[in-house]
Every structure is written in structure tokens, then in C-alpha cells.
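I opened this notebook to keep track of what I looked up in one model, entry by entry. The entries go from the overall fold to single residues.

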Amino acid sequence: MGGSISVDSSPGRGSRFSVTLPSRERATVDSRAPQAVKPLPVERRASVLVVDDETMMCELLRNMLQDDYATTFSSSRAALDRMLEPQLFEVVLCDLMMPELTGMDLYAELMRKRPEQAARFVFMTGGTFTDRASEFLESIVVAPLTKTVSQRRTTPGSCRAASSV
């Protein structure tokens, strides 16, 4: 998507990860970069699906992503139904712990029915872990984002979401 991820780490204090995404008009796919999943056609708008039972978190992320980038669901079951439709989201930001269907269960269901969509998951968590959640997070390749999110514009048309781990 033409963005970047950076990390600033201080021993004993934690780490701060920053994700910067360009506006959709400037977004390009670098064909030289290794691709973990099949890239979508460049002419297509970037799309992000946010799944979080906290409606305020959905709204915050929708605002940070400038509305038309994001589709949000506070119901994980409704999100599953949407992800089984033909549209493929470039990124799925998914809460790990939700009452109806956990992020882990949602991911497992998509791995069975639509693995190309499951490959685009980034998990978010408030830090409350069960043994099952801890084991799950250790088994996936991408580290989760904590829900300490702030918005800071870096250049016109770009947005940075910072998350502390």
C-alpha cells in the first residue's frame, strides 16, 4: 500500500510502533517488495475492515482512516457474514476478545472458508489475556496492536496510528 511501519523501543519502558499509510490517491504497490498475500489491483480503493465490540473504537478508527477507507462492525458475527462476501479487504483490524465470536474464532472460521481474507488480519487487544488468547497470539506471525491509539498527521493526506506494546 506504499506505507511504512517503524518501531521505537526502550528497554524496560516498552515499544512504540507507528504505521503510516498514504492517501489512496498516492497509494501504490511496489512490485519489488516481497508479498505475503496476493496484491489487489492498484486501481481499487484501499479498504479496511474494523471489527471491535467497542463502538467508540470503531468510530475512532473510522475517523482516523477518513471514513471511506473503513467499514466497521461492532458485531463479530455480522463482520463474518460481510467477509464471506466477494469483496476482499486489504486489512482487517480485529479485536481479539469480543462477546459474540472472539477474534480468534472469527479468524479460524475465515481460515476454513476464506483463507485469503484471514491472511490480512491484524489483531488489536486491550491487554486482557486468557491462556487461550496468549497461546493464539504466540501462534500467529503478526504481533497484535494494543488499543492505545492516537492520531497525528505527518504529511497532508497521510495518517499515523501509534500503538504501544
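What follows are my entries on the fold, the cores, the charged pairs and a few single residues.

**Entry 1, overall fold.** I note at the outset that this is a predicted model. I counted the secondary structure and arrived at five helices and nine strands, which, read along the sequence, run in the order β-β-β-α-β-α-β-α-α-β-α-β-β-β. The protein has 165 residues, and 36% of them count as buried. I then looked up the contacts between residues at least 6 apart in sequence, and found that 59% of these join residues at least 24 apart. For the surface I obtained about 9600 Å² exposed by the protein, with carbon and sulfur atoms supplying 55% of it.

**Entry 2, helix α3.** Which residues of helix α3 are buried? In this helix, which spans residues 103-113, I found Gly103, Met104, Leu106, Tyr107, Glu109 and Leu110 to be buried. I next asked what covers these buried residues, and the cover includes β3 (48-51), α2 (76-83), β5 (91-95), α4 (115-118), β6 (121-125) and α5 (131-139).

**Entry 3, nonpolar cores.** As background I wrote down that in soluble globular proteins nonpolar side chains tend to be buried together. The largest nonpolar core here has 23 residues, and those with the most contacts inside it are Val51, Met83, Leu106 and Phe121. The elements that give two or more residues to this core are β3, α2, β5, α3, β6 and α5, and α3 gives the most, with four residues. I followed Leu106 further and, leaving aside its neighbours within four places in sequence, found it in contact with Val51, Ser76, Leu80, Met83, Cys94, Leu101 and Phe121. There is also a second, separate core of 11 residues, which includes Val48, Met57, Met64 and Tyr69.

**Entry 4, Ala133.** I placed Ala133 in helix α5, and its relative accessible area of 0% makes Ala133 buried. Not counting residues up to four places away in sequence, Ala133 touches Leu96, Met97 and Met104. For one of these, Met97, I also looked up the C-alpha separation from Ala133, which is 8.2 Å, although the two residues are 36 apart along the chain.

**Entry 5, salt bridges.** My general premise was that side chains of opposite charge can pair when their charged atoms come close. How many salt bridges does the count come to? The count comes to six, and I went through several of them individually.

- Asp105 and Arg132 meet through their side chains in a salt bridge, 2.5 Å from N to O. Asp105 lies in helix α3 and Arg132 in helix α5, so this pair ties together parts that are 27 residues apart in sequence. Asp105 counts as partly exposed at 27% relative accessibility, and Arg132 likewise counts as partly exposed, at 44%.
- Arg82 forms a salt bridge with Glu85, with the closest N and O atoms 3.4 Å apart; Glu85 is partly exposed, with a relative accessible area of 38%.
- Glu116 forms a salt bridge with Arg114, with the closest N and O atoms 2.9 Å apart. Glu116 is partly exposed, with a relative accessible area of 38%, whereas Arg114 counts as buried at 9% relative accessibility. I also noted that salt bridges sharing partners join Glu109, Arg112 and Lys113 into one network.

**Entry 6, Glu90.** I wanted to know whether Glu90, which lies in the loop between α2 and β5, is buried or exposed. Its relative accessible area is 13%, and because the cut-off for buried is under 20%, Glu90 counts as buried. I then looked for a polar partner and found that the side chain of Glu90 makes a polar contact with the side chain of Ser47, at 2.5 Å.

**Entry 7, cysteines.** I searched the whole structure for disulfides and found zero. Two cysteines I looked up individually were Cys58, which counts as buried at 3% relative accessibility, and Cys94, which counts as buried at 0%. Cys94 had already come up in my notes as one of the residues in contact with Leu106.

Note on methods: Residues numbered from 1 in each chain as written. Predicted model: local features only at pLDDT ≥ 70, side-chain atom pairs only at ≥ 80, totals over all residues. Heavy atoms only, no water. Buried < 20%, exposed > 50% of the residue type's maximum accessible area, 1.4 Å probe, protein only. Contact = heavy atoms within 4.5 Å. Areas by Shrake-Rupley, 256 points an atom, 1.4 Å probe, with all protein chains shown as cover. Polar contact = N/O pair within 3.5 Å; in protein donor to acceptor, adjacent residues only side chain to side chain. Salt bridge = Lys/Arg side-chain N within 4 Å of Asp/Glu carboxyl O. Disulfide = S-S within 2.5 Å. Core = buried A, V, L, I, M, F, W, Y, C linked by side-chain atoms within 4.5 Å.
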